[in-house]
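Biologist: I have just opened this one and would like a walk through it. Can we take it step by step?

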Amino acid sequence: MAEWEIHRPLGVCAGSGRAIMPDEEFISALVEIAGGFERKDYCTEYWTANKPAVYCYWKSIMPKDDRKKKIFVDDEMLLSFFERLAAETDEEKINFRFVLTLVLMRKRLVKYDSSQKIDGKEIWTVKITGRDEKAQVVNPNLTEDKIEQLSEQLGQILQMEFDGR
């Protein structure tokens, strides 16, 4: 399995090198790299002026060392990430999308509809809550350990806990 560059905010803009101060709003982004994604943080000035090419992004506030971070990863961002991964053929991204589907199911943003075998693969059809849309997701038949590992990576990338809320 590929190792992804996942880190907490470092307090430095990936574009300008400027320090991002506690309580300052900044942009976290996923940048596609060989075999996965890398998380990068950008100060809002750099982001506005340069709009770097990223896979997806969300707003955050730089935490103070002594308090829990505030993250602005909303449901629409999660669904957008889910939709962007639909066309991916890389095994790690297919696995990642499946785990994201499980997270979205826990959050009741998608609902399992049916499954079928296509070219020897199990394909789930899910309904997107609140929309008249369905999506197909490859079930890669991951082990529980692999699902847990990918869930942890997803949580680290997005800096959030997936507790069903």
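Modeller: What follows goes from the overall make-up to the strands, a pocket and a few loop residues.

Modeller: This is a predicted model, in which local features need pLDDT of at least 70 and side-chain atom pairs count only at pLDDT 80 or more, while totals for chains, interfaces and linings use all residues. Residues are numbered from 1 along each chain as its sequence is written, and side-chain values use heavy atoms, with hydrogens and water left out.

Biologist: OK, how many helices and strands are there in the protein chain?

Modeller: The protein chain has four helices and seven strands, where helices (H or I, at least four residues) and strands (E, at least two) are DSSP runs numbered from the N terminus. Read from the N terminus on, the elements run β-β-α-β-β-α-α-β-β-β-α.

Biologist: And what percentage of the residues is buried?

Modeller: Of the 165 residues in the protein chain, 42% are buried; buried means under 20% relative accessible area, exposed means over 50%, and partly exposed is in between, using a 1.4 Å probe and protein chains only. As for contacts (heavy atoms within 4.5 Å), residues 24 or more positions apart account for 55% of those in the protein chain with a separation of 6 or more.

Biologist: Let's look at β1. Which way do β1 and β2 pair?

Modeller: Strand β1 (residues 25-33) pairs with β2 in the antiparallel sense over eight bridges, and two strands count as paired if DSSP finds at least two bridges between them. Within that pairing, Val-31 has Glu-38 in β2 as its bridge partner, and Ile-27 has Tyr-42 in β2. Strand β2 (residues 36-43) is mostly covered, with six of its eight residues buried.

Biologist: What about β1 and β3, how many bridges join them?

Modeller: Six bridges join β1 to β3, and these strands run antiparallel; in this pairing Ala-29 stands opposite Tyr-57 in β3.

Biologist: Switching to the later strands: in what order do β5, β6 and β7 sit in their sheet?

Modeller: The three strands form an open sheet in the order β5-β6-β7, with antiparallel pairing. Its edge strands are β5 (110-118) and β7, each of which pairs on one side only. Neighbouring strands of this sheet are turned by 25 degrees against each other on average, direction ignored. The helix α3 packs on the sheet and touches β5, β6 and β7, and its direction makes about 130 degrees with that of β7; axes are lines fitted to C-alpha atoms, for helices over the stretch in contact, and angles run from 0 to 180 degrees between N-to-C directions.

Biologist: How many bridges join β6 to β7?

Modeller: Seven bridges join β6 to β7, which run antiparallel, and Trp-124 stands opposite Val-137 in β7.

Biologist: Now pockets. What is the volume of the second largest one?

Modeller: The second largest pocket has a volume of about 200 Å³. A pocket here is an open set of points on a 1 Å grid over the protein atoms alone, with protein on both sides within 12 Å along at least five of seven lines, and lining residues have an atom within 4 Å of a point. Grid points are joined across faces, edges and corners, and a volume is the space filled by probe spheres set on the points.

Biologist: Which residues are closest to its centre?

Modeller: Of the 13 residues that line the second largest pocket, the closest to its centre are Ala-86, Glu-88, Ile-94, Arg-97 and Val-138. The largest share of the lining, four residues, comes from α3, and α3 (91-106), β6 (121-128) and β7 (133-139) each supply at least two residues. By class, the lining has seven nonpolar, two polar and four charged residues.

Biologist: Last topic, Pro-140: where does that residue lie?

Modeller: Pro-140 lies in the loop between β7 and α4 (144-158) and is partly exposed, with a relative accessible area of 25%. Pro-140 and Ile-94 are 46 residues apart in sequence and 7.5 Å apart in space, C-alpha to C-alpha. Leaving aside neighbours within four places in sequence, Pro-140 is in contact with Asn-95 and Phe-98.

Biologist: And Arg-108, is that residue buried or exposed?

Modeller: Arg-108 is exposed, with a relative accessible area of 68%, and is found in the loop between α3 and β5. Its phi is near 60 degrees, a positive value in a residue other than glycine.

Conventions:
1 Å grid on protein atoms, 1.4 Å probe; cavity = no way out; pocket = protein on both sides within 12 Å on 5 of 7 lines; lining within 4 Å. Nonpolar A, V, L, I, M, F, W, Y, C, P; charged D, E, K, R; others polar.
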